[in-house]
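I opened my notebook for a first walk through this chain. These are my entries, in the order I looked things up.

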Amino acid sequence: ASGFIAIAVLKALLDHGYDVVGTVRSESKTQHLRNKFSTFVDNGKLKFAIVPDIATDGAFDDVLQAYKFDAVVHTSSPYHLNVQDPQKDMSDPAIKGTTGILESRVVITATFGNMLDIPKGAWPGKVYSEEDWSPVTMKDIDSHPVFAYVAGKTYAEPAAWNFVKERKPHFTITTLCPPNVLGPPEQELSSLKQLNTSNTDIYDVFNGSSEPRFTTWIWIDVRDLATAHVLAILRAHSKRRTSSRLTAHDLHTQDAPAAANQRYLVTPGNYSAQMILDYIWKHYPERAAAKGVKKGHPGQLNPHTGVFKADNSKSIRDLGITYKYDFDTVLRDTLKKLEELEAEGK
């Protein structure tokens, strides 16, 4: 419950009235969450359980036995580029962490990497959808940390679907496949060096220490992704369910197909790394000049040959989601948060 995506999902669930048990790797990891969500801790809406290693067999047994859950949201999977053992550090936690949690109604945070054909690159004319699957295999994990992450996630998602097919459990699963997840970091940070990967990429540009490390051509705001998790739970229950706690942008009132046993590509659409440079130079010109931020090719957002696109119509139709945050908004909020962290001496 303490990671970049997890803490956003936790906030969305609490704001929508759910009682939540958040799993963390150690008791020390709860302190930031207890402070940030003190009202919910005090009124008993938020509790914690310790799961030291999600890749261990039976890692979630105690917590699943201790509480009665209506739904489980599984977001935990490591993604970083400082990898010593690709399988142990990246692939095993993704696969074993996913299969180990399959004991309740489950919403799993997968990744667009499960759909992406990395060797194809920008692939002009391609439109990705839920029908696509990555060709990456476990043989590729030693070539680059990104392949280790994608391979782990790519094997974890089919493992979940195979579990449902073979075991025919009483619950359903829903997988959400987000691409590059951006947004203001709310997780515990003692240093800006501890930022999650996507925010590290933005901060390194903002700080003039790197050009944009481009990962993919589509994105989602972490707050929209959190909303998608809540909607997936709601839509897994029935074809139509409304709540006074949901805002208009969160949930449409018309009927929509249920999300039970479905996978979704969740994204508002395309972006370009050049947009980050253009935004910084437009809104932070003095800082950009002082830090030596590169200008790239202002206004030239995509290769002349074009880039792939994403079909997000299924997520809009089934989940009823409206993607609230545009790219300027996510950059505004993220850079403001990064400035605040700098001011705190992080």
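**Entry 1: around isoleucine 108.** I began with isoleucine 108 and found threonine 175 in E6 as its bridge partner. E6 covers residues 173-177 and runs parallel to E4, to which four bridges join it. For my own use I note that strands pair if DSSP finds at least two bridges between them. Helices (H or I, at least four residues) and strands (E, at least two) are DSSP runs, numbered from the N terminus. I then looked for a partner in E3, and there histidine 74 stands opposite isoleucine 108. Strand E3 (residues 72-74) pairs with E4 over three bridges, in the parallel sense.

**Entry 2: ground rules.** I must remember that this is a predicted model, where local features need pLDDT of at least 70 and side-chain atom pairs count only at pLDDT 80 or more, while totals for chains, interfaces and linings use all residues. Residues are numbered from 1 along each chain as its sequence is written, and side-chain values use heavy atoms, with hydrogens and water left out.

**Entry 3: the sides of E4.** Which way do the residues of E4 point? I saw Val106 and Ile108 point one way and Val107 and Thr109 the other, and all are buried. Buried means under 20% relative accessible area, exposed means over 50%, and partly exposed lies in between (1.4 Å probe, protein chains only). In a regular strand, side chains alternate between the two faces of the sheet.

**Entry 4: another sheet.** Next I followed an open sheet of three strands, in the order E7-E8-E10 with mixed pairing. Why do E7 and E10 each have a side without a neighbour in the sheet? Strand E7 (180-182) and strand E10 (269-270) stand at the edges with a single partner strand each, so one side of each is left free of a neighbour there. E7 and strand E8 (residues 218-221) run parallel, joined by three bridges. Valine 181 has isoleucine 220 in E8 opposite.

**Entry 5: helix H1 and what follows.** H1 has 12 residues and reaches 17 Å from first C-alpha to last, close to the 16 Å expected at 1.5 Å a residue. That expected span is 1.5 Å times one less than the number of residues. I found 10 of the 12 residues of H1 buried, so the rest of the structure largely encloses the helix. Among the buried ones are Phe4, Ile7, Leu10 and Leu14.

Histidine 16 sits in the loop between helix H1 (4-15) and strand E1 (20-24). Its relative accessibility is 11%, so histidine 16 counts as buried. Its side chain reaches the backbone oxygen of alanine 12 at 2.5 Å. Also just after H1, glycine 17 has a positive phi of about 90 degrees.

**Entry 6: two positive phi values.** Most residues other than glycine have a negative phi. I therefore stopped at the next two, guided by that rule. Tryptophan 123 is not a glycine, yet has a positive phi of about 40 degrees. It lies in the loop between strand E4 (106-109) and strand E5 (127-128), and is partly exposed at 28% relative accessibility. Asparagine 261 has a positive phi too, near 55 degrees. Its loop runs between helix H8 (222-237) and strand E9 (262-265), and its relative accessible area of 34% makes asparagine 261 partly exposed.

**Entry 7: the cores.** A nonpolar core is a set of buried Ala, Val, Leu, Ile, Met, Phe, Trp, Tyr and Cys residues joined through side-chain atoms within 4.5 Å. Which members of the largest core touch the most others? Val266 and Leu319 do, out of 34 residues. H1, E1, strand E2 (46-50) and H8 each supply at least two residues of this core. Apart from it lies another core of 23 residues, including Phe206 and Leu277.

**Entry 8: helix H9.** The buried residues in helix H9 (residues 273-283) include Ile276, Leu277 and Ile280. Among what covers the buried residues of H9 are helix H7 (197-206), helix H10 (285-291) and helix H12 (327-343). Serine 272 caps the N-terminal end of H9, with a side-chain oxygen 3.1 Å from the backbone nitrogen of glutamine 274.

**Entry 9: the whole chain.** I closed with the totals: 12 helices and 11 strands, with buried residues making up 51% of the 346 in the chain.

How values were computed
A polar contact is a pair of N or O atoms within 3.5 Å; within protein, one must be able to donate a hydrogen and the other to accept it, and residues adjacent in sequence count only if both atoms are side-chain atoms. Contact means heavy atoms within 4.5 Å.
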